[in-house]
Structures are given as structure tokens and as C-alpha cells.
Amino acid sequence: MPESTRTTGIAAAPDVLSDADLLAQTAIAVREAGAVLRERFGDVVRHRTREELMDALAANDDAALDVLRPRLTALRPNARLVEDELAGGALPPGEWWVLDPAEGNVNHLHALPEWAVTATLVRDNQPVLTAVHLPLTGETYTARAGAGAHLDGRPLHVSPTTDLGLSLVATSQARPDEDEDVVRRVGASITAMLFDALVVRTSVPATLHLLNLAAGRIDAFWQFAGARADLLPGALLVTEAGGRISDAEGRPWTPQSESFLAAAPGVHTQAVTTLSR
């Protein structure tokens, strides 16, 4: 799907909800969109051409967006929408909804369970709230800046581990048709982590790894390049669950960064050292 940014509402309608109320309503919206995708989930869908595959991915996106657009418009009439989940970089000032209507879409088409619906409100390039729904488990992960991260209302906390050698870590493919240098860097980083970490997981989508990190199930996640919709929901969840976010060299991460690292505080520095080799 080409990148799309649009104004999503009638300027006359006031933005009156508090962020806490807005998050609760956003969670309802992603659950409703998830229900639509759950109805579309079933047998493996085989495609003879890349064009057929892309059309099927777009159909899933559109089905979820048909639910998300009007609900998020009603919640925040003056916010704008970014619908392209592969877009990166900084956003213009103001409020934006960053959506991944079918995060892990290719998994959905292959009858794999690792997919979700995400909606994140970004205010002046800072994520202020996010809701991520996993339709097959019924779980909803939420976070609000300064108010913590939660799974169905239960607080989340990152792992207390302090030894990378005892850590389960993960990475994800940044995007299809990635630059060759990035692909080689991904491969080198996996090799380095295979020497230093206990277990290395490699799969898509990124958001599900970051949910697991926020919940203390894994200890670090990294990715090179990447998109806003891949990383912003998980970045807020991990931060609010007590984790550390940076680029792979340990510098502050922004959507313009060329790499991303999220980790439990006790292994963050060790992970930076491994990825910098």
C-alpha cells in the first residue's frame, strides 16, 4: 500500500477525551478491527504471483482500516492518519494516528497465529498511547506515557535478568526488498548474538517480540532500519514496562534512526557491545 497521510475528521468537533479515556476507547477500536480479521483467518492462502500476494495483504489491511478509520476519527477529529505500515522517519508536528491494521499480515495469510492490530497516537513525534490486540488469544496490550504498560489491565514489567548469556533475545526482518547492506548487517548481528546470548529468535512481526519483552518473556530485541508502525507501539510498551530503548550503538532512538534496540536494563549495555562488534 502506498504511504497515505490524511486529515481524519471535522475540525469543528473538539478533542475532549483525556488520554486515559482515549486509550480505553482505542483499545475497543483495535478489538473491533481484530474481530474482522479473525473472521478472515483460516486456511493457508496460496498465491501464484507477488501481485496476488500484495492484493491479499491489502485486502486484510482495508478490512481492518474500515473499522479503525471512523472510530479513531470520532475519538480525535483533529488528528491525522498514517496508514502505511512501512513508512519511516519523523512526522510533521501535531497529532497522528500510526496504524498497523494487520501487523504480521503475511502470517495471517499463511494461517500462522502471530499477528495483531495496532493503533498508536503520536503527539509531536512522541508516542503518547498505544493499543495492540491479538485477536486469536483475545489479549490487549496497552501503554500510556507516564502511566505504565498493561496486559488486559495487569501491569507489565521487563525481565530482571543481568546476564546476556542467560537471555532469550529476538530480531525481525526489517522489510521486504531490504537494502543488501542492511541484510548483511542483520545476518552478522544474528551470528554475534548466537555467540553471546542463550537463545536467538528470528521471526516477524517486530511488535510481538516487543510485547514479549515488555511482559518479561524475552530480554532484548533489535532491528536494523524498520518502520514507525513496527516499532512505536512496542517502544512505548517496553519503556513503560521499565525497559531501555536506544539504537544499536546505544544512542537515543528516534524514528529516523537506522537501528533499534530494546532491552531489559540489566542486559542493555551487553547487547550494545554485542551488536557493535
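Tutor: Two strands count as paired if DSSP finds at least two bridges between them. Keep in mind that this model is predicted.

Student: What makes β9 and β10 a pair, and in which sense do they run?

Tutor: Strand β9, residues 168-171, shares four bridges with β10. The cut-off is at least two bridges, so they count as paired. Their pairing is parallel. Across the two strands, Ala 170 stands opposite Arg 201 in β10.

Student: Where do these strands sit in the sheet?

Tutor: The sheet is open and has five strands, in the order β10-β9-β11-β13-β12, with mixed pairing.

Student: Why are β10 and β12 said to stand at the edges?

Tutor: Strands β10 (199-202) and β12 (244-246) each have a single partner strand, so one side of each has no neighbour in the sheet. On average, neighbouring strands here are turned by 15° against each other, with direction ignored.

Student: Which helices lie across β11, β12 and β13?

Tutor: Helix α6 (residues 228-240) does, at about 145° to β12. Helix α7 (residues 265-275) does too, at about 145° to β13.

Student: How many aromatic pairs are there in the whole structure?

Tutor: A search finds three.

Student: Why is the pair of Phe 41 and Trp 115 called tilted?

Tutor: The ring centres are 5.5 Å apart, and a pair needs centres within 6.5 Å, so the two rings pair. Their planes stand at 40°. Stacked needs under 30 degrees and edge-to-face over 60, so this pair is tilted.

Student: Which parts does that pair tie together?

Tutor: Phe 41 is in the loop between α1 and α2, and Trp 115 is in the loop between α3 and β4, so the pair ties together parts 74 residues apart in sequence.

Student: Is each of these two buried, partly exposed or exposed?

Tutor: Phe 41 has a relative accessibility of 24%, between the limits of 20% and 50%, so it is partly exposed. Trp 115 has 1%, which is under 20%, so it is buried.

Student: What makes Trp 253 and Phe 260 an edge-to-face pair?

Tutor: Their planes are 85° apart, which is over 60, and their centres are 5.1 Å apart, which is within 6.5 Å, so the pair is edge-to-face. Trp 253 and Phe 260 are buried. Ring pairs also link Phe 221 with Trp 253 and Phe 260 in a cluster.

Student: How do you know that α5 is mostly covered?

Tutor: In α5 (residues 206-214), nine of the nine residues are buried. Among them are His 209 and Asn 212. Just after α5, Gly 216 takes a positive phi of about 80°.

How values were computed: Residues numbered from 1 in each chain as written. Predicted model: local features only at pLDDT ≥ 70, side-chain atom pairs only at ≥ 80, totals over all residues. Heavy atoms only, no water. Axes fitted to C-alpha atoms, helices over the stretch in contact; angles between N-to-C directions. Contact = heavy atoms within 4.5 Å. Phe/Tyr/Trp six-rings, centres within 6.5 Å; stacked < 30°, edge-to-face > 60°. Buried < 20%, exposed > 50% of the residue type's maximum accessible area, 1.4 Å probe, protein only.
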